[in-house]
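Please lay out how the strands of this model pair with one another, and which residues outside glycine carry a positive phi.

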Amino acid sequence: MAEATPYEEQRRRQVEANKRKLEELQLHHLSAAIREAAAAAKPSLVKKRKARVPLDVADAVMEPVRRSGRLANLPDKPVYREKVPDFGMKIRRTYGSVRRDLTNRVYATDDARSYAISKAEDLEQELDSSFPIFIKPMTQSHVTGGFWLGLPIHFCRKYLPKRDEMITLVDEDDDESDTLYLAMKRGLSAGWRGFAVQQKLVDGDCLVFQLIEQTKFKVYITRASSYYESED
């Protein structure tokens, strides 16, 4: 066996000296204790799940049982759940109660409709031209069901208010009816139905609107039914 060199011998003695110092300081025991303490203090990453309550158990909690023997025989049990109203059923009942009978609608023929428009154009030529004027033939949506009267866009932009206003309709007997003009939609809403019903307007009739004041129309009516009278 070859003898160790002076360097190797020196290294061996240094290693043995280091081991003796470690034994004296007990560092290996201290490091092991630190690792054990760190492992014990580290929290678990696994989340605990809450136990789910069965539906029948939840119902039992929400609806308490009457303990009194005197009250237990009563027919009605107290229910403490919040009742959410069925708005869909309420709306259906509301619409059903105000549903209109549209079986008596009058449908004008093309000839009767054209006749009423022609008579309205003749009337327009006879009226004072110093007042703005337009002609509006009536359809089913104007005189039944929705009762909405849209007005000519160019007329609204040029002559009518830029915001919602009450507009008065004056018939040929000078009777007045108030209607609500919706500026953004350019039409007559509330009040128009009453005027249409009062004047007994039907599909095919034609109206001449003459703006006699800023928010007042004089309204002339040419009837589609007059076509059949002229035929006779």
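The paragraphs below go from the basis of the values to the strand pairing and then to the backbone angles.

This is a predicted model, in which local features need pLDDT of at least 70 and side-chain atom pairs count only at pLDDT 80 or more, while totals for chains, interfaces and linings use all residues. Residues are numbered from 1 along each chain as its sequence is written, and side-chain values use heavy atoms, with hydrogens and water left out.

Helices (H or I, at least four residues) and strands (E, at least two) are taken as DSSP runs and numbered from the N terminus, and two strands pair if DSSP finds at least two bridges between them. Strand β3, residues 165–170, runs antiparallel to strand β4, residues 176–182, and 6 bridges join them; Val-170 has Glu-176 in β4 as its bridge partner. The two strands β3 and β4 form a hairpin with 5 residues between them, and in that turn Asp-174 has a positive phi of about 65 degrees. Strand β3 also pairs with strand β7, residues 216–222, here in the parallel sense and over 3 bridges, with Lys-216 of β7 as the bridge partner of Thr-168.

Positive phi values also occur in the loops. Arg-186, which is not a glycine, has a positive phi of about 55 degrees and lies in the loop between β4 and β5 (187–188). Lys-200, likewise a residue other than glycine, has a positive phi near 55 degrees and is found in the loop between α9 (192–198) and β6 (206–213).

For accessibility, buried means under 20% relative accessible area, exposed over 50%, and partly exposed in between, with a 1.4 Å probe and protein chains only. Arg-186 therefore counts as partly exposed at 26% relative accessibility, whereas Lys-200, at 67%, counts as exposed.
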